[in-house]
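Colleague: Hello! I am new to this structure and would like to learn how to read it. Could you take me through it step by step?

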Amino acid sequence: MLDRSLRAVLVRPLEATAAALDRPGITPDRLTVLGLVLGVASAVTAGFQLWGVALGLWLVSRIADGLDGTLARRRRRLAESQGRESAPSHAGGFLDITADFVVYGATVVGVAFGATSQFDAPWWPFLVVLLVYYVNGTAFLAFSSIAERTGRTIDDGRSLSFLGRIAEGTETIAVHALWLILPFWAWQIALVWSLFVAVSAVQRVVVGYRSLR
């Protein structure tokens, strides 16, 4: 829901940071892997109830995740301005979405371990979140694949055709951060969040089906 608005706000800071990072040893794929490693580390530290460390790692991992695409687009523009052909990196897009799914799932599990161990939180709200993430991911990836084959792609600068709904990347990052800030309320947050993601999943299924008819 907020992805488009936030991207408009962050485009200049991300472009400036990408320009500063634009060195031969730094590639978009390496930034993606960095975001993946930091995201998984955040999940592990949350499992050990190191909430402040987990929050820091989570935020830095999401910054790295935002910079990989920005750097890729910057290099593509520079290549085109110099008269060189530069196609989008499909491998990079694949790596990016896979890393996101791993990090989001790992964070749910890490917070669940930490919250159930330290605050005696129930497991089932976190399992519900994983279930609705699974449904959302299925609808999202299936639509993107079929839309590509049928020529009904949605081009908003991302590697895949993205069906935006009320629960997008911005909301996910915010909720996962909130878990780490308020771990003693983590299962209640998970329960409310699962309802939002479930509504988003239904929206994606309905809109995707209608778009592909």
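Modeller: Gladly; we will go from the overall fold to single residues and pairs. Please keep in mind that this is a predicted model.

Colleague: Let us begin with the fold. How many helices and strands are in the protein chain?

Modeller: The protein chain has 7 helices and 0 strands. Along the sequence, the pattern reads α-α-α-α-α-α-α. Of its 213 residues, 38% count as buried. Among contacts between residues at least 6 apart in sequence, 76% join residues at least 24 apart.

Colleague: And what is the surface made of, in terms of atoms?

Modeller: The accessible surface of the chain is about 11600 Å², and carbon and sulfur atoms account for 68% of that.

Colleague: How do I read a single helix? Take α2: what span does it reach?

Modeller: The idea is to compare the span with what is expected at 1.5 Å a residue. Helix α2 covers residues 28-47, and the distance from its first C-alpha to its last is 29 Å, close to the expected 28 Å. You can then look at which residues are covered: the buried ones in α2 include L31, G35, L38, S42 and A46.

Colleague: Where does the nonpolar core sit, and which residues touch the most other members?

Modeller: The largest nonpolar core has 25 residues, and those touching the most other members are V111, F126, V129, Y133, W179, L180 and W193. Helices α3, α4, α5, α6 and α7 each supply at least two residues of this core. The largest share, 6 residues, comes from α4. For a close-up, pick V111: beyond residues up to four places away in sequence, V111 touches A46, W51, F126, W179, L180 and A186.

Colleague: Is A54 buried or exposed?

Modeller: A54 is buried, because its relative accessible area is 0%. A54 is in helix α3, and setting aside neighbours within four places in sequence, its contacts are S42, T45, A46 and L180. A54 and A43 are 11 residues apart in sequence, while their C-alpha atoms are 6.7 Å apart in space.

Colleague: What about S194, buried or exposed?

Modeller: S194 counts as buried, since its relative accessibility is 4%. You will find S194 in helix α7. Apart from neighbours within four places in sequence, S194 is in contact with V128, V129 and V132.

Colleague: Now the backbone. Which residue just after α2 takes a positive phi?

Modeller: That residue is Q49, whose phi is near 65°, a positive value in a residue other than glycine. Q49 sits in the loop between α2 and α3, and is partly exposed at a relative accessible area of 30%. Another case is D120, with a positive phi of about 55° although it is not a glycine. D120 lies in the loop between α4 and α5, and counts as exposed at 69% relative accessibility.

Colleague: Which residues make the nonpolar patch on the surface?

Modeller: V40, V44, F48, L50, V53 and V102 form a nonpolar surface patch of about 520 Å². One of them, V53, is in helix α3 and is partly exposed, with a relative accessible area of 46%.

Colleague: Finally, how many salt bridges are there, and how do I read them?

Modeller: The structure holds 4 salt bridges. For each pair, ask how far apart the partners are in the sequence. R62 and D65 meet at 3.5 Å, N to O; they are 3 residues apart in helix α3, so about one helical turn separates them. Both R62 and D65 are buried. R62 also forms a salt bridge with D100, with the closest N and O atoms 3.2 Å apart. This pair links distant parts of the chain, with R62 in helix α3, D100 in helix α4 and their positions 38 residues apart. D100 counts as buried at 11% relative accessibility.

Colleague: Why does the R74 and D22 pair tie together parts that are 52 residues apart in sequence?

Modeller: The side chains of R74 and D22 meet in a salt bridge of 3.0 Å, N to O. R74 lies in helix α3 and D22 in the loop between α1 and α2, so the bridge ties together parts 52 residues apart in sequence. R74 counts as partly exposed, at 22% relative accessibility.

Methods. Residues are numbered from 1 along each chain as its sequence is written. This is a predicted model: local features need pLDDT of at least 70, side-chain atom pairs count only at pLDDT 80 or more; totals for chains, interfaces and linings use all residues. Side-chain values use heavy atoms; hydrogens and water are left out. Helices (H or I, at least four residues) and strands (E, at least two) are DSSP runs, numbered from the N terminus. The expected span of a helix is 1.5 Å times one less than its number of residues. Buried means under 20% relative accessible area, exposed over 50%, partly exposed in between (1.4 Å probe, protein chains only). Contact means heavy atoms within 4.5 Å. Accessible areas come from the Shrake-Rupley method with a 1.4 Å probe; for residues, only the protein chains shown count as cover. Patches are made of residues with over 30% relative accessible area and no salt bridge: like charges are joined within 9 Å, nonpolar side chains (Val, Leu, Ile, Met, Phe, Trp, Tyr) within 5 Å. A nonpolar core is a set of buried Ala, Val, Leu, Ile, Met, Phe, Trp, Tyr and Cys residues joined through side-chain atoms within 4.5 Å.
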